[in-house]
Amino acid sequence: MIDAVTELVSSGLVHPASMQARSAFEASIFIEWMLKEKTLERATFYYVSDLRNRRIWALRMLKGTAEQSEFEKDLQDMAKYLAFNDASVRKMAQEELEYVEGGLRQSDFVEVNSRFQKYYRKNKREADWYQPLLGGRLRKMAKEVGRFAEYAWFYEKSSRGIHAASPRDYTFSLGNGLVGLLAIRRLDDIHDLLGFVVYSIILHTYRIIIGHYLTDDEMTVFRRTYIDNWRKAFL
């Protein structure tokens, strides 16, 4: 996501880059919360959630399953273009299903999978990977890791733009009932975006990972690298 920000900003696409930055911030929150405590347990929920999602898609490609019937019904006219009856697709789906179910049957994952299943029965939908543990959404997670100010300032602030619900991101009033379109490539808010990306995402996340896995000496090297090689260029 940070690489995408780099490419977009380099082309003057600052507003679209905020969408990639928002996703990177979400990943940064996940990393910090996962490494804060109970790391193995939280990582297990992350992994099992992915297995369950893969299982759903495998079942959607197999004729005769409830998931496939519901999927075909939901897609309506598009369903005829999907290769439900293609032998190679069925074979791939069956192999994927066997792999995933084998994983979910492993002793380390059975209890975690049952907690996801309990959530599914209660809410009639799959949980995000952290919900059975956290009992809330990303907002609560940001508070737990002490980053709610960043969440409120950047993540919530950019939410309407991300969901194409903010006309001022694309248009401006000319008066007399006329509306103008803003340029696709423009540098509005570039300072805020880059400051957020560098300090709140990149440097913060690097410090979290280095502090968890490496030595104090490595953290010293990281700080010195920033001061000697990066800070002047960024500022």
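**Exercise 1.** Decide whether Glu126 is buried, partly exposed or exposed, then find its salt-bridge partner.

*Solution.* Start with the number: Glu126 has 25% relative accessibility, so it counts as partly exposed. Keep in mind that we're working with a predicted model. Next, look for a partner: the side chain of Glu126 meets that of Arg52 in a salt bridge, 2.8 Å from N to O. Now place the two on the chain. Arg52 sits in helix α3 (residues 39-60) and Glu126 in the loop between α6 and α7 (131-134), so the pair links distant parts of the chain, 74 residues apart. Last, check Arg52 itself: its relative accessible area is 6%, under the 20% cut-off, so Arg52 is buried.

**Exercise 2.** Work out what surrounds Arg147 and how accessible it is.

*Solution.* First, locate it: Arg147 is in the loop between α8 (138-144) and α9 (148-156). With 1% relative accessibility, Arg147 counts as buried. Then go through its contacts. Arg147 joins Glu32 and Glu150 in a network of salt bridges. A polar atom of the Arg147 side chain also lies 2.5 Å from the backbone oxygen of Ser200.

**Exercise 3.** Compare the salt bridges Glu72–Lys63 and Arg137–Asp128 by listing distance and exposure.

*Solution.* Take Glu72 and Lys63: their closest N and O atoms are 3.7 Å apart. Glu72 is partly exposed at 27%, and Lys63 is partly exposed at 41%. Over at Arg137 and Asp128, the closest N and O atoms are 2.9 Å apart. Arg137 is partly exposed at 46%, and Asp128 is partly exposed at 27%. For the overall tally, the count is 12 salt bridges.

Technical notes. Residues numbered from 1 in each chain as written. Predicted model: local features only at pLDDT ≥ 70, side-chain atom pairs only at ≥ 80, totals over all residues. Heavy atoms only, no water. Helix = DSSP H or I, 4+ residues; strand = E, 2+ residues; numbered from the N terminus. Buried < 20%, exposed > 50% of the residue type's maximum accessible area, 1.4 Å probe, protein only. Polar contact = N/O pair within 3.5 Å; in protein donor to acceptor, adjacent residues only side chain to side chain. Salt bridge = Lys/Arg side-chain N within 4 Å of Asp/Glu carboxyl O.
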